[in-house]
Amino acid sequence: MHGPTRKELWFRLIFSLFGLVLLAVAVAVRGIANAAALVEVVGIAGAFFGGTAIWTAVKLRRQSD
């Protein structure tokens with residue numbers, strides 16, 4: 001088998017979901033001062049953690065089949 005193991009994929013998924021939760025908490029507590037910050041913080045970090053979580057979930061699903 002090539003690529004990351006199931007253990008590593010689970011770690012990535014948990015780490016990504018934790019990152020999304022921390023991002024949501026930070027936005028809820030601190031708020032967003034302006035539109036540029038919204039794009040930078042929520043857009044880029046959300047895309048990174050969200051994309052990683054989705055990609056990892058798909059890989060885990062394919063490996064279980």
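Val 42 is partly exposed, its relative accessible area being 32%. The model in which this value was computed is a predicted one. Val 42 belongs to helix H2, which covers residues 35–64. On the surface, Val 42 joins Ile 32, Leu 38 and Val 41 in a nonpolar patch of about 270 Å². A residue must have over 30% relative accessible area to be part of such a patch, and Val 42, at 32%, is therefore exposed enough to meet that cut-off.

Helix H1, made of residues 6–30, contains a charged pair, Glu 8 and Arg 12. These two side chains form a salt bridge in which the closest N and O atoms are 2.8 Å apart. The structure has one salt bridge in total. Glu 8 and Arg 12 stand four residues apart in helix H1, so about one helical turn separates them. Neither partner is buried: Glu 8 is partly exposed at 34% relative accessible area, and Arg 12 is likewise partly exposed, at 26%.

Ser 16 is also found in helix H1, but its setting is another one. Its relative accessibility is 2%, and Ser 16 therefore counts as buried, the cut-off for that class being under 20%. Which residues does Ser 16 touch, once its neighbours within four places in sequence are left aside? The contacts are Phe 49, Thr 52 and Ala 53. These three residue numbers fall within the range of helix H2, residues 35–64, so the contacts of Ser 16 link helix H1 to helix H2.

Terms used. Residues numbered from 1 in each chain as written. Predicted model: local features only at pLDDT ≥ 70, side-chain atom pairs only at ≥ 80, totals over all residues. Heavy atoms only, no water. Patch = residues over 30% accessible without salt bridge, like charges linked within 9 Å, V, L, I, M, F, W, Y side chains within 5 Å. Areas by Shrake-Rupley, 256 points an atom, 1.4 Å probe, with all protein chains shown as cover. Salt bridge = Lys/Arg side-chain N within 4 Å of Asp/Glu carboxyl O. Helix = DSSP H or I, 4+ residues; strand = E, 2+ residues; numbered from the N terminus. Buried < 20%, exposed > 50% of the residue type's maximum accessible area, 1.4 Å probe, protein only. Contact = heavy atoms within 4.5 Å.
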